[in-house]
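Welcome to this short briefing, meant to be read with the model open beside you. Take a moment to turn the structure around before moving on to the notes below.

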Amino acid sequence: MKSTSSLSLIAGVVALAAVTGFAALNVPDGSAPAEAKTAARLPVERTSLLCPAPGLSDLSETAYAAYTPPTKGAAGAAGTAELLSSAKDGEKAHKPDEEDEKDKGKEKGKDAKDTGKDKPVVSLKEPGKPATGKASGADSPALVGTATGRLAPGWTAQQTTTVEAGDGRGILGISCTVPDTDFWFPAASTAKTREDYVHLTNPDDTAAVADIELYGPDGSLKSDVGEGITVPAGSGVRVLISTLTSKAVDDVTVHVTTRSGRVGAALRTADDETGSDWLAASAEPAGTVVLPGIPADATSVRLVAFAPGDDDADLRIKLVGKSGTITPAGHEELHIKSNMTAALDLKDLTRGQAGSLMLVPAEKNRATPVVAALRVVRGKGDKREVAYIPATGPVGARATVAGNGAKNSALALAASAAAATVEVTASAGSGGGTPVSKTYKIPAGTTLAVTPPVPTGLKGSYALTVETRSGGPVHASRTLTEKVNGIEMFTVQTLPDDRGTVEVPAARQDLSVLDD
């Protein structure tokens with residue numbers, strides 16, 4: 001019979017594995033028994049990240065930046081943190097009429113293992129100093145990465161692709177994702193003016209099997225071809241979502257799940273008129289959601305939301321701005337029917353002041369979980385440019401975003417419920433420089449838009465780390481901008497908690513041998 005303390009420790013390790021993809025837990029010798037101590041937060045020892053294949057154009061250029069912030073208590077081996085190219089045959093375009101063959105997936109898995117001998121695209125050497133890498137052209141593969149030891153807690157990577165012209169023009173930015181089994185993407189589209197691809201990347205040694213469901217304003221867009229998509233081991237698959245349905249729908253919610261294995265999922269959008277960007281997954285369904293960092297000069301803001309449960313959702317719309325929180329005139333509420341996508345055109349919502357959108361239950365005692373995202377356009381006429389802001393979790397203890405330049409970054413910090421104080425640290429540069437920190441106070445119910453600190457003597461790119469010092473919660477995003485051919489291109493990445501630590505029981509137990 002297993003003891004209660006054994007079962008408690010197993011539960012803690014299972015939770016650790018669910019968050020970080022591993023179950024390695026080192027407990028110092030001489031620790032007191034579990035019943036004598038409370039749970040503690042310890043740094044994770046292994047983290048996985050997946051970056052989707054960036055290919056859009058032969059003229060595209062992609063920059064990668066990776067970073068691990070210094071973490072107190074992160075002891076032990078120095079570890080490694082590398083982003084490697086996925087399987088040698090590159091990312092595969094999924095065709096609805098092709099048969100998925102598990103055996104082929106296994107063969108490609110062998111190729112994927114072989115690529116481990118290749119030179120990493122990005123290799124991080126120490127906490128506190130970013131590392132960078134580059135790729136070019138339409139054939140650049142997805143990247144699969146793992147960080148261990150002292151480089152694991154808070155490890156983050158940024159992928160930024162610049163396409164100067166054509167339908168796919170723009171700065172396409174995304175924070176590389178943690179592998180998972182469930183993703184929601186509101187604000188997708190199967191309209192004839194759009195080309196939206198779901199990118200699935202498998203980090204593991206066996207094939208994964210995924211399903212893609214589409215939901216429009218009238219409910220499910222039924223399709224059999226989105227079921228049972230095999231993602232080969234150590235490789236990727238991209239799926240043009242308009243091939244999964246015969247209906248051209250402006251506002252679509254995409255739901256990705258896995259039957260077996262796990263994947264990283266991201267959605268790449270391209271529009272004939274407003275260019276292209278990545279749409280990251282929305283935070284898990286929740287009754288209240290925050291979408292931080294709408295630019296001050298946004299000329300069009302479109303909200304797309306979805307209620308995945310059995311109940312309809314009635315939401316109040318709040319704009320969390322520079323001076324306080326208001327209800328936009330004419331856009332007070334949004335009704336979302338169960339398993340249907342709802343959209344609302346908020347036009348030039350911010351009117352010269354950066355802000356954040358918050359969706360709250362219309363009735364306090366009736367909170368229906370929803371997912372949401374914003375489609376944001378800047379500019380006018382043929383100089384319009386698009387980016388996306390998904391609902392995100394709070395900064396929590398710490399959040400980090402890499403790939404910042406000396407003059408192209410802006411931060412939005414939203415304290416929607418209570419006043420907060422955060423510390424923002426600019427890391428050393430990838431080529432040199434001294435870190436700089438600055439403290440910001442955010443009044444309750446406001447969004448503070450700031451130009452972040454820059455490392456002294458910066459060379460290369462740098463990372464920004466936001467830490468909550470008091471109050472909150474705080475929701476944050478970073479905007480990158482670049483002017484190309486007269487167009488103000490931009491991309492927005494949210495900053496949820498980096499999950500660099502995990503709560504585990506403080507116990508002295510040997511998991512390899514449990515008493516009967």
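Let's begin with a single pair of residues: glutamate 423 has glutamate 467, in strand E36, as its bridge partner. Please keep in mind that this is a predicted model. From that pair we can step out to the sheet around it, then visit the chain as a whole, a cavity, a buried strand and two individual residues.

**The four-stranded sheet**

- The bridge partners glutamate 423 and glutamate 467 can be placed within a wider pairing, in which strand E31 (residues 420–426) and strand E36 (residues 462–471) run antiparallel and are joined by 7 bridges.
- Both strands belong to an open sheet of 4 strands, with the order E29-E36-E31-E33 and antiparallel pairing.
- At the edges of this sheet are strand E29 (398–404) and strand E33 (436–442), each of which pairs on one side only.
- From one strand to the next, the twist averages 20 degrees.
- As general background, side chains in a regular strand alternate between the two faces of the sheet.

**The chain as a whole**

- If you count secondary structure along the chain, you will find 2 helices and 39 strands.
- The chain has 516 residues, and 53% of them are buried.
- Contacts often reach across the sequence: of those between residues at least 6 apart, 81% join residues at least 24 apart.

**The cavity**

- How many cavities of 30 Å³ or more does a search of the whole structure find? The search turns up 1, and the volume of the largest cavity is about 40 Å³.
- To locate the largest cavity on your screen, select its lining: Leu50, Cys51, Pro52, Thr177, His199, Thr201, Gly264, Ala265 and Ala266.
- Strand E2 (46–51), strand E12 (197–201) and strand E18 (264–271) are the elements that give two or more residues to this lining.
- E18 provides the largest share of the lining, with 3 residues.
- By residue type, the lining of the largest cavity divides into 5 nonpolar and 4 polar residues, with no charged ones.

**An enclosed strand**

- Strand E11 (residues 182–188) is largely enclosed by the rest of the structure, because 6 of its 7 residues are buried.
- E11 runs antiparallel to strand E17 (residues 252–260), and 5 bridges join the two.
- Within this pairing, alanine 188 stands opposite valine 252 in E17.

**Two residues to look up**

- Is alanine 65 buried or exposed? With a relative accessibility of 5%, alanine 65 counts as buried, because the cut-off for buried is under 20%.
- You will find alanine 65 in strand E3 (residues 61–67).
- Beyond its neighbours within four places in sequence, alanine 65 is in contact with Ala131, Thr132, Thr156, Ala157, Gln158, Ala402, Gly403 and Ser461.
- Alanine 65 and leucine 83 are 18 residues apart along the chain, and 10.0 Å separates their C-alpha atoms.
- Lysine 380 sits in the loop between strand E27 (371–378) and strand E28 (385–390).
- Lysine 380 has a relative accessible area of 67%, so it is exposed, the cut-off for exposed being over 50%.
- Between lysine 380 and isoleucine 487 there are 9.7 Å in space, C-alpha to C-alpha, although the two are 107 residues apart in sequence.

Methods:
Residues are numbered from 1 along each chain as its sequence is written. This is a predicted model: local features need pLDDT of at least 70, side-chain atom pairs count only at pLDDT 80 or more; totals for chains, interfaces and linings use all residues. Side-chain values use heavy atoms; hydrogens and water are left out. Two strands pair if DSSP finds at least two bridges between them. Axes are lines fitted to C-alpha atoms, for helices over the stretch in contact, and angles run from 0 to 180 degrees between N-to-C directions. On a 1 Å grid over the protein atoms alone, a cavity is a set of points where a 1.4 Å probe fits but cannot get out, and a pocket is an open set with protein on both sides within 12 Å along at least five of seven lines; lining residues have an atom within 4 Å of a point. Grid points are joined across faces, edges and corners, and a volume is the space filled by probe spheres set on the points. Ala, Val, Leu, Ile, Met, Phe, Trp, Tyr, Cys and Pro count as nonpolar, Asp, Glu, Lys and Arg as charged, and the others, Gly among them, as polar. Buried means under 20% relative accessible area, exposed over 50%, partly exposed in between (1.4 Å probe, protein chains only). Contact means heavy atoms within 4.5 Å.
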